[in-house]
Amino acid sequence: MSRTFEHSQFAHCESGVISTLLTSYGLKISEPMAFGITSSLSFVYLPVVKISNMPLIAYRNLPKNIIRNISKVLGITMVKKHYKNPLEANADLTKFVEENQLVGLQTSVFYLPYFPKDMRFHFNAHNLLVVGKEGSDYTISDPVFEDLVTCDEKELTKARFARGIFAPKGFLYYPQHIPENIDLGKVIKKAIIKNAKTLLTPFPYAGVKGMRTLAKKIAKLKLDNNERYVKNFLTHIVRMQEEIGTGGGGFRFLYAAFLQEAKGYGLDESKLQEASELFVKSGNALREFALLCVESSKKTQKFSPQAISEKLIEASMFEEKACKILKTL
Amino acid sequence: MEKIEIPQEENKILEGQRKVMYVTDESGHFERQKYGSSAEEFATQVAVEEFEQLCKESLERIKNNESSPIEFFMYKNRMDLPTLCSVVGMFAFRVKRHLKMKHFKKLNDKILQRYCEAFDIRLQELKEFKA
């Protein structure tokens, strides 16, 4: 790795970190590509799993999916380390930094002091890159931020050893060996078909069906005596989409960008184009859906569960169509 | 190619930062662009306010000798019960008991210390907490 590290901002932390990490180790790969070849687009609505009393809703695959799958699909050997002892974890990290080796970390947002106060929730699967150390301060390239940030050793250690759901346990990773002559065309085709199939799963709480299940749940929401819950529920959906997710239908746009990039690899370009456009439409519908959710929870007179529900179903229609096209690739 | 609308609204939560998302330019190519979303701002605010509300309600219950200060600090640190259980390493039924004043009063310092570490406060602060 060269001494000069160029920080860039990304739409999503995990794909951003992997993209920078692999690029700096010699394999140039964009963020949409990293997101796409790991088949990371998803939708999950699990009412039994509660986070702060709210159901689990996710717009992409589980955290760590990208790190786990990127080595599998590209044949990269990744060093993945968990630690029990924070002191040892910290000593190791300092060693990597001194040797000028770029490493990725999994952290909890709540303990990172450079995050704005109101963004600090117990979300344990935030990824970042450590690029340097001065005194007891680490220099960090956090893909969510515009510039490099710094974080004290003590606080970073705390963030690395946060507990709870998706606990990082000091997780540290970097690529050790990257094979030459990777046949990206083959990898992309396989990944797209796999992703299309997972989105079309018959399981009612995931993929296209999951979106419809959530839509049904929203349509049944009633305001009477339940205002606080309704408000929290609707904004929770938006938060999972915007803050934890990325800008409206951000993941949909990210995937559309991937399909666009996939065109240069000898696949059926008209199918990719059509599907890409459908995902943009779905992303736009999801943004409108988020706006409707916010409107409904701001003013009770404007509460219209039917309209919100229909918007989500509209988005699911676009995705179903896109996946059916991609399956035949 | 369908156009992507990028919101350029103010989002105070981010304290001057702006996040990026992928959008298409005129020729249909994707690029990253900065955006600001007031919908996102509102949603985050509601979540923050919900915890503030829970803190307030908890203070009321502490005054009535129903809830223990642990409950207040749990909400103050934006935790829910499963998160707190995992941080202190105890089963939920045990932590639930500790959230009640009558059980809290009987707790020894060793147990209380575990909660103090979770909330990053001194033992005194937890023991002498006044609502």
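In this predicted model, a convenient place to start is chain B, where the side chains of D109(B) and K127(B) form a salt bridge with an N to O distance of 2.7 Å. This pair joins distant parts of the chain, since D109(B) sits in helix α6 (residues 109-119) of chain B and K127(B) in helix α7 (residues 123-127) of chain B, 18 residues apart. D109(B) counts as partly exposed because its relative accessibility is 37%. K127(B), at 43% relative accessibility, is likewise classed as partly exposed.

Helices α6 and α7 of chain B turn up again around another element of that chain: together with α1 (38-63), α3 (81-88), α4 (92-98) and α5 (101-104), they are included in what covers the buried residues of α2(B). Helix α2 of chain B spans residues 69-76 and is mostly covered, with seven of its eight residues buried. The buried residues are P69(B), I70(B), E71(B), F72(B), F73(B), M74(B) and Y75(B). After α2(B) comes R78(B), a residue with a positive phi, near 55°.

R78(B) also leads across to the other chain. Its side chain meets that of D118(A) in a salt bridge, with 3.5 Å from N to O. The interface of chain A and chain B holds five salt bridges by the rule applied. In addition, 17 residue pairs are found in polar contact across this interface, with both residues of each pair at pLDDT 80 or more. On the side of chain A that touches chain B, the elements giving two or more residues are α2 (31-37), α8 (227-246), α9 (250-261) and α10 (269-298) of chain A. The greatest contribution to this side comes from α10(A), with 11 residues. By type, the residues of this side of chain A comprise 19 nonpolar, 15 polar and 16 charged.

The extent of the interface can be described in two ways. In terms of residues, 50 from chain A are in contact with 45 from chain B. In terms of area, the two chains bury about 4,100 Å² between them, and 58% of this lies on carbon and sulfur atoms. The accessible area lost when parts come together is often used to give the size of an interface.

Salt bridges are also found within chain A, and the search of the whole structure gives 19 over all chains. One pair in chain A is E153(A) with K133(A), whose side chains meet at 2.6 Å, N to O. E153(A) belongs to helix α5 (residues 153-160) of chain A and K133(A) to strand β5 (residues 126-134) of chain A, so this salt bridge ties together parts that are 20 residues apart in sequence. E153(A) counts as partly exposed because its relative accessibility is 23%. K133(A) is also partly exposed, at 26%.

A second pair in chain A, E319(A) and R252(A), forms a salt bridge between side chains at 2.6 Å, N to O. Here too distant parts of the chain are linked: E319(A) is in helix α11 (residues 305-327) of chain A and R252(A) in helix α9 of chain A, 67 residues apart. Both E319(A) and R252(A) are buried.

Two further residues of chain A help to round out the picture. N69(A) is placed in helix α3 (residues 65-74) of chain A. With a relative accessible area of 10%, N69(A) falls under the 20% limit and is therefore buried. Leaving aside residues up to four places away in sequence, N69(A) touches T38(A) and K194(A). E269(A), in contrast, counts as partly exposed at 43% relative accessibility, and this residue lies in helix α10 of chain A. The C-alpha atoms of E269(A) and F5(A) are 35 Å apart, and 264 residues separate the two along the chain.

Finally, chain A carries an annotation from a database record. An unreviewed UniProt entry places the feature "domain: Butirosin biosynthesis protein H N-terminal" at residues 12-143 of chain A. Over these residues the chain is 32% helix and 32% strand. The C-alpha atoms at the two ends of this stretch are 7 Å apart.

Methods:
Residues numbered from 1 in each chain as written. Chains lettered and ligands numbered in written order. Predicted model: local features only at pLDDT ≥ 70, side-chain atom pairs only at ≥ 80, totals over all residues. Heavy atoms only, no water. UniProt positions renumbered as here; feature names shortened; annotations may be inferred. Helix = DSSP H or I, 4+ residues; strand = E, 2+ residues; numbered from the N terminus. Contact = heavy atoms within 4.5 Å. Buried area = accessible area lost by both parts, 1.4 Å probe. Salt bridge = Lys/Arg side-chain N within 4 Å of Asp/Glu carboxyl O. Polar contact = N/O pair within 3.5 Å; in protein donor to acceptor, adjacent residues only side chain to side chain. Nonpolar A, V, L, I, M, F, W, Y, C, P; charged D, E, K, R; others polar. Buried < 20%, exposed > 50% of the residue type's maximum accessible area, 1.4 Å probe, protein only.
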